Amino acid sequence: MGISHRIVDVHGIKMHIAEKGQGPVVLLVHGFPSLWYSWRHQILALAASGYRAIAPDLRGYGDTDAPTSAQSYTCFHIVGDLVALIDTLGQEKVFVVGHDWGAIMSWYLCLFRPDRVEALVNLSVAFTPRSPLHRPIETLRAIYGDDYYIIRFQEPGEMEREFARVGTVTVLAKFLSYHSPASVKIPRDKGFAPEGPITLPSWLSEEDIRYYTDKYEKTGFTGGINYYRNLNVNWELTAPWTGAQVKVPVKFIVGDQDLSYHIPGVKEYVQSGLMKKDVPFLQEAVVLKGVGHFIMEERADEISGHIIDFLNKFKKCAVLPNPVGSCSLL
């Protein structure tokens, strides 16, 4: 694919990044249980369109360091890593594209450091304004019950043991091929083992699963799960940003079969225009019919096109230090 790889020092850890191309930097931020690899199609498309695509393995994933303490995976740690990466790349501002947990951390990045983001394309997870009255874990438990996967993820070591019992290949195949608006449940009496053979979708090959498996066999799942274990901590830490707006240009894209889109209240929030109150420079919210959660792989060319079309509006700003006129489109 012509994608190069290297290790950089950021924020006290060693981070693996994949990169290709020349031009304005586009930072591609993955979620769970993805890796840089989930952006392989977009890296090539962006590089071919005059961008420098950079996809890190986030802390706890792949070939990036994985601190042992769950307390090292708060939103401040992850955003700190991303800001340090931007500094290491010698950039004042970058374009950002996020998915799943990468989308959540990209929202945080834009809340905390909008001065470092030229524009944002977020996939799958809409902005969630902080509610001072509702702690996330307790809210999710009340909605979905104790078998909801995020609730099951909370107990240290519990799901790691379950995933070890089921096997890395099966866990990854089941997660990465998930294509349903229904929430993921892990019944305590049945565990995570599938009821029958897993048929991979057309956009996910055996070779892809082997790549993911090779990395997770080395690192385990704890790093990725630790992001979930900080949901309440992040809620506490971000109290000063209650009511704060995301003030960078944004495009949001989600599939109508994405489980994240069917969390109670999210669809209405996106469709009604309420999201624009919290994200005032939201340019567009795109809902793709028949598309599930892993949108950048399932509809690789279409998503790459959406990203490039949006970023092209701001490309002159990213290239010229003092462009004439306004490029903000705000």
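Visitor: At what angle do helix α7 (residues 168–176) and helix α8 (residues 206–219) pack, and how far apart are their axes?
Guide: The angle is about 125°, and the axes are 9 Å apart. The model is a predicted one.

Visitor: Why are α7 and α8 called oblique to each other?
Guide: Set the angle of about 125° against the classes. The roughly perpendicular class runs from 65 to 115 degrees, and roughly antiparallel needs over 145. The α7–α8 angle falls in neither class, so the pair counts as oblique.

Visitor: Which hand does the crossing of α7 and α8 have, left or right?
Guide: α7 passes α8 in a right-handed crossing.

Visitor: Which residues of α7 and α8 meet?
Guide: α7 supplies T168, V169, L172, A173 and L176. On the α8 side they meet I209, Y212, T213, Y216 and E217. Sorted by class, this contact has seven nonpolar, two polar and one charged residues.

Visitor: What makes the count of nonpolar residues in the contact of α7 with α8 come out as it does?
Guide: Tyr counts as nonpolar along with Ala, Val, Leu and Ile, so Y212 and Y216 join the seven nonpolar residues. Glu counts as charged, so E217 is the one charged residue. T168 and T213 belong to the class of the others, so they are the two polar residues.

Visitor: Turn to helix α1 (residues 40–48) and helix α14 (residues 300–312). What angle and axis distance describe their packing?
Guide: They pack at about 45°, with axes 9 Å apart.

Visitor: Why are α1 and α14 called oblique?
Guide: Roughly parallel needs an angle under 35 degrees, and roughly perpendicular starts at 65. About 45° meets neither condition, so α1 and α14 are oblique to each other. Their crossing is right-handed.

Visitor: Which residues make up the contact between α1 and α14?
Guide: H41, Q42, A45 and L46 come from α1. A300, I303, S304, I307, I308 and L311 come from α14. The contact has seven nonpolar, three polar and no charged residues.

Visitor: How do you know whether Q42 is buried or exposed?
Guide: The relative accessibility of Q42 is 1%. Buried means under 20%, so Q42 counts as buried. Q42 lies in helix α1. Not counting residues up to four places away in sequence, Q42 touches M296, A300, I303, S304 and I307.

Visitor: What lies 3.3 Å from a polar atom of the side chain of Q42?
Guide: The backbone oxygen of A300 does.

Visitor: Is E19 buried or exposed, and what makes it count that way?
Guide: E19 has 10% relative accessibility, which is under 20%, so it counts as buried. E19 sits in strand β2 (residues 13–20).

Visitor: With which side chains does the side chain of E19 make polar contacts?
Guide: One partner is R6, at 2.4 Å. Another is R52, at 3.2 Å. The cut-off is 3.5 Å, so both distances fall within it.

Visitor: Why does R52 fall in its accessibility class, buried or exposed?
Guide: R52 has 18% relative accessibility, still under 20%, so R52 counts as buried. R52 lies in strand β4 (residues 52–56). Leaving aside neighbours within four places in sequence, its contacts include R6, E19, K20, L89 and Q91.

Visitor: Is G145 buried, partly exposed or exposed, and how do you know?
Guide: The relative accessible area of G145 is 22%. Buried requires under 20% and exposed over 50%, so G145 is partly exposed. G145 lies in the loop between α4 (136–144) and α5 (149–152). Beyond four places in sequence, G145 touches L140 and I151.

Visitor: What makes the phi of H11 worth a look?
Guide: H11 has a positive phi of about 50° and is not a glycine. Most residues other than glycine have a negative phi. H11 is in the loop between β1 (4–10) and β2. At 41% relative accessibility, H11 counts as partly exposed.

Visitor: What is the phi of S124, and where is S124 found?
Guide: The phi of S124 is positive too, about 80°, although S124 is not a glycine. S124 is in the loop between β6 (117–123) and α4. Its relative accessible area is 1%, under 20%, so S124 is buried.

Visitor: Is the peptide bond from F32 to P33 cis or trans, and what is its omega?
Guide: Omega is near -5°, and the bond is cis. Most peptide bonds are trans. P33 is in the loop between β3 (25–29) and α1.

Note on methods:
Residues numbered from 1 in each chain as written. Predicted model: local features only at pLDDT ≥ 70, side-chain atom pairs only at ≥ 80, totals over all residues. Heavy atoms only, no water. Axes fitted to C-alpha atoms, helices over the stretch in contact; angles between N-to-C directions. Helix = DSSP H or I, 4+ residues; strand = E, 2+ residues; numbered from the N terminus. Left-handed = near helix turned anticlockwise from the far one by under 90°. Contact = heavy atoms within 4.5 Å. Buried < 20%, exposed > 50% of the residue type's maximum accessible area, 1.4 Å probe, protein only. Polar contact = N/O pair within 3.5 Å; in protein donor to acceptor, adjacent residues only side chain to side chain.
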